[in-house]
Amino acid sequence: MINKSFAVLGLGKFGESVVRELYEAGADVLAVDRNKERLQSVADFATYAVAADIEDAEAVNALGLSNMDGVVIAVTENLNASILGTIYAKEAGVPYVAAKAKDETHIRILRKLGADMTVLPEYESGIRIARHLATGNILNFVELSANIRMVEISIRREWEGHSLLELDLRRKERINVIAIRNGDEVITNPDPRQPLEDGCSMLITVDKKDLNRLVKE
């Protein structure tokens, strides 16, 4: 269970999956859409469901986004709403803004506006971003002993394009890499010379005393 609050602006398939995952992780979730039927679809697993137009500055200001740990802009069919939602969230001082994009051009726009994370829309991406927001970069967690944890973490942006040999994570980060996940493929005993790809995650073992550092980073 976590003690965080998030707002999800836009309730298509992607937005609904983010709301559901965050709620099931124990977060307080504010679901926002101007379509009341979409709001009804998340009524059972959103803490609050509010009808509001993301393009209306006054309506967005009334949502209290400044109190949120993170905001997900989950709308792409209306580019103006996506852009304004991102701007309003950043102006409210939200510490982490994630935005759904429809293509690479949209991603570049959102990043220039200050989005901390951009994703292309798929249901699985919604689950991944929800888990990332809920627990930092830790996706799954298993307690092996009193001191050792096995966790799945999303790779950091600065690790992308570099091999395990180059990164030397055992010495620098005090973690042991067991496997690499790339989509549905899990690679055990990964080639230490193979560069890590964007969107990959890694299964590692780590001492409990180093776990908080991984979450914060």
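Colleague: Does Arg174 count as buried, exposed or partly exposed, and at what relative accessibility?

Modeller: Before answering, let me say that we are looking at a predicted model. The idea is to compare the relative accessible area with two cut-offs, where buried means under 20%, exposed means over 50%, and partly exposed lies in between. Arg174 has a relative accessibility of 44%, so this residue counts as partly exposed. In the chain, Arg174 belongs to the loop between H8 and strand E9 (175-182).

Colleague: What is the sign of phi at Arg174?

Modeller: As a general idea, most residues other than glycine have a negative phi. Here phi of Arg174 is positive, at about 60°, although this residue is not a glycine. Asp168 is another case, with a phi near 50°, which is a positive value in a residue other than glycine. Asp168 sits in the loop between helix H7 (164-167) and helix H8 (169-172), and because its relative accessibility is 28%, Asp168 counts as partly exposed.

Colleague: How many helices and strands does the chain have?

Modeller: The chain has nine helices and eleven strands. Its 217 residues include 45% that count as buried, and the surface that the chain exposes comes to about 11500 Å², of which carbon and sulfur atoms supply 46%. For contacts with a separation of 6 or more, 56% are between residues 24 or more positions apart.

Colleague: In what order do the six strands of the open sheet lie?

Modeller: To read a sheet, one follows the strands from partner to partner. In this open sheet the order is E3-E2-E1-E4-E5-E6, and the pairing is parallel. Strand E3 (48-51) and strand E6 (117-119) stand at the edges with a single partner strand each, so one side of each has no neighbour in the sheet. From one strand to the next, the twist averages 15°. As an example of a pairing, strand E1 (residues 5-9) runs parallel to strand E4 (residues 70-73) and is joined to that strand by four bridges, with Gly70 in E4 as the bridge partner of Phe6.

Colleague: Which strands does helix H1 touch as it packs on the sheet?

Modeller: Helix H1 (residues 13-24) touches E1, strand E2 (28-33), E4, strand E5 (97-100) and E6, and its direction makes about 165° with that of E1. Helix H4 (residues 79-91) also belongs in this picture, since H4 lies across E4 and E5 and runs at about 175° to E5.

Colleague: At roughly what angle do the axes of H4 and helix H5 cross?

Modeller: To describe a helix pair, one looks at the approach of the axes, the angle and the handedness. The axes of H4 and helix H5 (residues 104-112) come within 9 Å and cross at roughly 25°. Angles under 35 degrees count as roughly parallel, so H4 is described as roughly parallel to H5. The crossing in which H4 passes H5 is right-handed. On the H4 side the contact is made by Leu79, Ser82, Ile83 and Thr86, while His106, Ile109 and Leu110 make it on the H5 side.

Colleague: Which residues does Thr86 touch, not counting residues up to four places away in sequence?

Modeller: Thr86, which is found in helix H4, touches Ile73, Val97, Ala99, Leu110, Leu113 and Ala115 when those sequence neighbours are left out. At 0% relative accessibility, Thr86 counts as buried.

Colleague: How many of the seven residues of strand E11 are buried?

Modeller: For a whole strand, one can count its buried residues. In strand E11 (residues 201-207) five of the seven are buried, so this strand is largely enclosed by the rest of the structure. Strand E8 (residues 148-154) pairs with E11 in the antiparallel sense over seven bridges, and there Asp207 of E11 is the bridge partner of Ile148. E9 also runs antiparallel to E11, joined by six bridges, and in this pairing Ile175 has Val206 of E11 as its bridge partner.

Colleague: What distance separates the C-alpha atoms of Arg156 and Asp198?

Modeller: Residues can be compared by their separation along the chain and by their distance in space. Arg156 and Asp198 are 42 residues apart along the chain, and their C-alpha atoms are separated by 9.0 Å. Arg156 lies in the loop between E8 and H7, and its relative accessibility of 11% is why Arg156 counts as buried.

Key
Residues numbered from 1 in each chain as written. Predicted model: local features only at pLDDT ≥ 70, side-chain atom pairs only at ≥ 80, totals over all residues. Heavy atoms only, no water. Helix = DSSP H or I, 4+ residues; strand = E, 2+ residues; numbered from the N terminus. Buried < 20%, exposed > 50% of the residue type's maximum accessible area, 1.4 Å probe, protein only. Contact = heavy atoms within 4.5 Å. Areas by Shrake-Rupley, 256 points an atom, 1.4 Å probe, with all protein chains shown as cover. Pairing = 2+ DSSP bridges. Axes fitted to C-alpha atoms, helices over the stretch in contact; angles between N-to-C directions. Parallel < 35°, antiparallel > 145°, perpendicular 65-115°, else oblique. Left-handed = near helix turned anticlockwise from the far one by under 90°.
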